[in-house]
Amino acid sequence: MSSLVETIGYVFGLVALGYLTGWFGLLRKDAGEVITSFAVTIAVPLLLFRTMSNAQFGEGLPWGLWITYFTAIAITWTVSQLSLVHIFKRDGRAGVVAGLAGSFSNLVLLGIPFMLGVHGQEAFEQLSLIVTIHLPIMTGVSILLYNLHDPQQQGSFSILSVLKGLAQRMLTNPLIIGILGGLIWRAGGLELPSLAERLIDSLANVAGPVALFAMGLGLRSYGIKGDVRPAILIAFYKQMLMPAIALGLAVALDLSPITAIAVVTAASFPCGVNPYLIASQFGTGQRLASNAMTIGTALAFLSTAFWIAVTASVFS
């Protein structure tokens with residue numbers, strides 16, 4: 001257990017180091033965006049490519065994994081959205097942002113290095129299967145629901161346009177390209193040339209620390225401003241309700257221990273930056289999404305460690 005605590009401390013310590021670097025102004029103000037761009041566009045996609053090209057999956061699609069995770073998302077999203085609308089008396093458009101922030105885990109900048117460091121390669125492969133469809137589904141659903149709640153858009157959009165935009169996002173997303181590229185390479189039974197393997201390894205191996213450090217830098221730039229009470233509630237839903245639902249479903253569906261650990265841990269991660277970016281595009285809920293991310297990340301050391309311990313005891 002001491003080794004596990006130390007690993008969790010190492011992961012969140014890198015986030016804290018990035019935050020403190022931003023706090024003391026040791027790097028330029030745009031450094032966080034640049035480092036994050038490198039991690040998400042280059043290092044992490046190469047890590048995913050390497051993982052998918054060497055992974056050994058069972059037969060068929062991972063329906064149990066997907067049903068567990070996305071059912072937990074659907075329930076938590078609904079509770080978060082209804083809470084903002086009915087408890088805090090916000091409109092439906094802000095409610096969509098609350099639903100997204102309450103169910104969108106930080107699976108890339110935090111999740112990937114965390115899963116590798118704490119649970120190992122096999123759990124990381126399970127996480128990669130979630131990442132494959134996570135962002136497209138969450139983005140598409142949020143756009144669809146926002147338009148349904150926006151009086152100016154009602155009747156002027158179509159599901160076809162949403163699906164078209166969704167497909168475009170998938171085909172141009174570096175993370176999806178890395179995953180699909182690795183799967184295609186694996187299906188072809190090809191081996192990487194030694195030079196290519198060394199180049200990929202040199203960048204993929206720094207993906208985790210760089211992503212965590214960049215995340216800390218990014219948190220410093222967002223801060224906490226207004227909408228604190230609803231943000232605390234949304235962060236609670238994200239990091240306590242969603243993993244509890246995932247754990248219950250994992251038991252009910254009799255998932256394997258490694259799959260259950262991966263899916264519950266993924267559900268326990270705090271909200272990432274994507275809900276804030278989507279809220280900025282919508283023009284509503286930006287402070288709520290930013291605060292939920294910042295508050296949730298600050299508490300994630302305790303909440304994620306709690307769910308890892310609970311899941312391990314249930315599936316031991």
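Here are some notes on the pocket, the salt bridges and the aromatic pairs of this predicted model.

1. Start with the open space. The largest pocket holds about 1100 Å³. Its lining runs to 44 residues, and those closest to the centre are Thr-36, Leu-109, Tyr-222, Val-273 and Leu-277. If you want a quick way in, centre your view on those five residues.

2. Which helices supply at least two residues each to the lining of that pocket? Going along the chain, they are helix 1 (2–23), helix 2 (31–54), helix 5 (107–118), helix 6 (121–149), helix 7 (159–172), helix 8 (174–187), helix 10 (207–222) and helix 13 (274–282). Helix 10 gives the most, with eight residues.

3. On the chemistry of the lining: 22 of the residues are nonpolar, 17 are polar and five are charged.

4. Now the charged pairs. Side chains of opposite charge can pair when their charged atoms come close. How many salt bridges does the model have? The count comes to three, and each gets a point below.

5. The pair to look at carefully is Arg-50 with Asp-201, whose closest N and O atoms are 3.0 Å apart. This salt bridge links distant parts of the chain, with Arg-50 in helix 2, Asp-201 in helix 9 (residues 194–204), and the two positions 151 residues apart. Are these partners buried, partly exposed or exposed? Arg-50 has a relative accessible area of 22%, so it is partly exposed. Asp-201 also comes out at 22%, and therefore counts as partly exposed. The cut-off for buried is under 20%, so please read both labels with the 22% values in mind.

6. Next, Arg-28 and Asp-30 form a salt bridge, with 2.8 Å between the closest N and O atoms. Arg-28 has 64% relative accessible area, so it is exposed. Asp-30, at 30%, is partly exposed.

7. The remaining salt bridge joins Asp-91 to Arg-93, and here the closest N and O atoms are 3.1 Å apart. Asp-91 is partly exposed, with a relative accessible area of 35%. Arg-93 is partly exposed too, at 28%.

8. On to the rings: searching the whole structure turns up ten aromatic pairs. One of them is Tyr-146 with Phe-282, a stacked pair with 4.0 Å from centre to centre and 10° between the planes. Why does this pair tie together parts that are far from each other in sequence? Tyr-146 lies in helix 6 and Phe-282 in helix 13, so the contact bridges parts that are 136 residues apart in sequence. Tyr-146 and Phe-282 are both buried. Helix 6 and helix 13 also appear among the helices that line the largest pocket, which makes this a handy place to move from the rings back to the pocket.

9. Phe-306 and Trp-307 give another geometry. Their ring centres are 5.0 Å apart and their planes meet at 75°, so this pair is edge-to-face. What about exposure? Phe-306 is partly exposed at 41% relative accessibility, whereas Trp-307, at 8%, is buried.

10. Last, an aromatic cluster to find on screen: Phe-12, Phe-114, Phe-269 and Phe-301 belong to one cluster. Phe-12 falls in the range of helix 1 (2–23) and Phe-114 in that of helix 5 (107–118), and each of these helices supplies at least two residues to the pocket lining.

Key
Residues numbered from 1 in each chain as written. Predicted model: local features only at pLDDT ≥ 70, side-chain atom pairs only at ≥ 80, totals over all residues. Heavy atoms only, no water. 1 Å grid on protein atoms, 1.4 Å probe; cavity = no way out; pocket = protein on both sides within 12 Å on 5 of 7 lines; lining within 4 Å. Points joined across faces, edges and corners; volume = space filled by probe spheres on them. Helix = DSSP H or I, 4+ residues; strand = E, 2+ residues; numbered from the N terminus. Nonpolar A, V, L, I, M, F, W, Y, C, P; charged D, E, K, R; others polar. Salt bridge = Lys/Arg side-chain N within 4 Å of Asp/Glu carboxyl O. Buried < 20%, exposed > 50% of the residue type's maximum accessible area, 1.4 Å probe, protein only. Phe/Tyr/Trp six-rings, centres within 6.5 Å; stacked < 30°, edge-to-face > 60°.
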